[in-house]
Amino acid sequence: MKKLISKLGFDEKTFIHFFLIVSNSQMIYAFYDLKSVLYDPLLETLNVTNTEFGVLLGLVGLVTTFGGAAVGWLQDRFSIRKVLAVNSFMYGAWALIMALWPGCPYELKCLFFIAIGFNGDAMYWATVLKSVRIIAREDRQATAFGMLECGRAIWAFLLSSLSVILYTVLGSTVFGMQTVMGINGTITILSGLVIWMFIPEQLGRQSAEQKAEATLSADNNEVTKGKTRKAFDGLIRALKMPEVWMTGGSAMCIYAVSCAAFTYFAPYLKNAYFLPAALVGVFGVFNGAGMRIVAGPVAGIITDMKFKSSAHMMKTCHIGVFLLLVVALLLPKKETFIIPAMVCLIVITLLVSLVRSVYYAPIGELGIPEEMSAAVMAIAACIGYSPSFWAYPLYGWLIDQFEAAKAYSIIFAVLLVMTFTGAILNMALGKKIVARRERIACAK
């Protein structure tokens with residue numbers, strides 16, 4: 001443990017804060033992540049089709065894409081503790097309502113998923129990224145973001161396994177699925193309570209000016225206006241930075257693959273290769289959380305030690321995903337090819353997870369000022385997570401419209417375009433990061 005803390009550049013107190021934030025950043029999605037391991041039972045319980053569920057997930061993406069840019073900058077106005085805790089309470093409440101009332105009208109389900117998008121993404125996720133950006137040293141950004149993804153993956157593995165086990169023990173029924181949904185919503189609320197109790201109001205390395213400002217009364221209108229104006233100015237500056245758009249675009253490309261990998265790969269094997277239903281949930285847990293556990297620490301460490309920058313590592317992974325997608329596209333859709341197909345999909349997920357672990361690390365490597373971190377992360381995350389707005393409805397519609405083999409062939413063709421674009425963007429980002437380091441070295 002001491003070796004890990006040393007690699008991250010933390011002291012013990014900072015590491016505890018980091019651990020709690022990482023835990024909360026996955027527990028808040030305990031309900032949402034059911035789609036990755038119990039996709040068909042979730043659709044049955046909510047009584048929706050693939051297309052309808054894709055639209056629900058698309059609404060989450062819509063709020064993420066536009067809401068993140070609209071209100072994400074406000075997260076610089078509030079403490080990390082308040083943003084994480086309050087959104088966890090709200091998110092957990094929506095999950096509990098749907099667990100208790102899964103048969104509610106589809107229009108209400110749409111409203112609930114819009115609320116989930118707001119509390120889990122638009123007004124939440126940039127603060128998670130900001131917290132890691134602030135408490136990690138500049139030369140440990142990739143390692144810290146890698147450990148963020150690893151920690152989240154461990155919690156995802158535990159929660160997903162618990163969900164599959166409970167669902168199976170309860171007879172694989174709609175009641176069992178409702179129970180799992182309710183327990184996961186409760187876990188989210190409890191996680192928010194832990195954040196409220198143990199994360200300090202002022203987190204990370206702060207300037208003397210920030211600490212002095214924090215001691216002023218919250219009722220001081222001038223201070224409030226000054227904070228809001230500073231946060232808004234940070235948003236405007238962030239919008240003018242090409243690096244922010246490039247980082248977001250790179251994340252968007254791999255996230256489009258991620259949407260398919262973590263949600264549709266398991267049902268793909270069931271529909272195209274006739275994987276037994278009993279093994280679909282097991283494959284979902286291993287393919288999703290299992291790969292993320294492996295990828296998280298590996299991505300950060302090899303990026304900081306073996307590559308010139310996180311962008312160089314991501315470019316390599318994009319190329320690998322591109323080649324494997326070609327293989328997956330060409331494999332015959334017959335039961336005898338199920339093992340090669342599984343191996344191919346698992347390796348794709350591993351490479352996607354490697355990129356997901358560090359795809360916002362270029363923000364720190366490019367030396368963007370801390371005081372505008374949330375605004376920058378909000379814009380980059382808004383672009384990066386935009387496939388959740390268009391990819392889920394598209395994938396769901398394709399699966400409902402065409403037979404499985406043809407539907408997934410079209411999906412894989414879309415992913416090929418995204419990975420090729422991502423490789424180009426990361427090549428350009430890598431050059432910018434190396435050029436900045438060379439300028440700093442020359443200045444010394």
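In the predicted model, the loop that joins α9 (141–169) to α10 (174–198) contains Ser-172, a residue other than glycine whose phi nonetheless takes a positive value, near 55°. With a relative accessible area of 39%, Ser-172 is partly exposed. A positive phi, of about 60°, is also found at Asn-47, which is likewise not a glycine; this residue is placed in the loop between α4 (39–46) and α5 (50–71). The side of the classification on which Asn-47 falls is that of exposed residues, its relative accessible area being 66%.

Aromatic contacts were examined next. The count of aromatic pairs comes to 17. One of these is formed by Tyr-268 and Tyr-408, whose ring centres lie 4.3 Å apart and whose planes enclose an angle of 45°, an arrangement classed as tilted. This pair links distant parts of the chain, since Tyr-268 belongs to helix α14 (residues 265–272) and Tyr-408 to helix α21 (residues 404–443), with the two positions 140 residues apart in the numbering. Tyr-268 has a relative accessible area of 2% and is therefore buried, and Tyr-408, at 2% relative accessibility, also counts as buried.

Beyond this pair, one aromatic cluster is formed by Phe-31, Tyr-39, Phe-53, Phe-113, Tyr-264, Tyr-392 and Tyr-395. A contact between a charged side chain and an aromatic ring is found at Trp-196, over the face of which Arg-81 lies at 3.9 Å from the ring centre.

How values were computed: Residues numbered from 1 in each chain as written. Predicted model: local features only at pLDDT ≥ 70, side-chain atom pairs only at ≥ 80, totals over all residues. Heavy atoms only, no water. Phe/Tyr/Trp six-rings, centres within 6.5 Å; stacked < 30°, edge-to-face > 60°. Helix = DSSP H or I, 4+ residues; strand = E, 2+ residues; numbered from the N terminus. Buried < 20%, exposed > 50% of the residue type's maximum accessible area, 1.4 Å probe, protein only. Lys NZ or Arg CZ within 6 Å of the ring centre and 35° of its normal.
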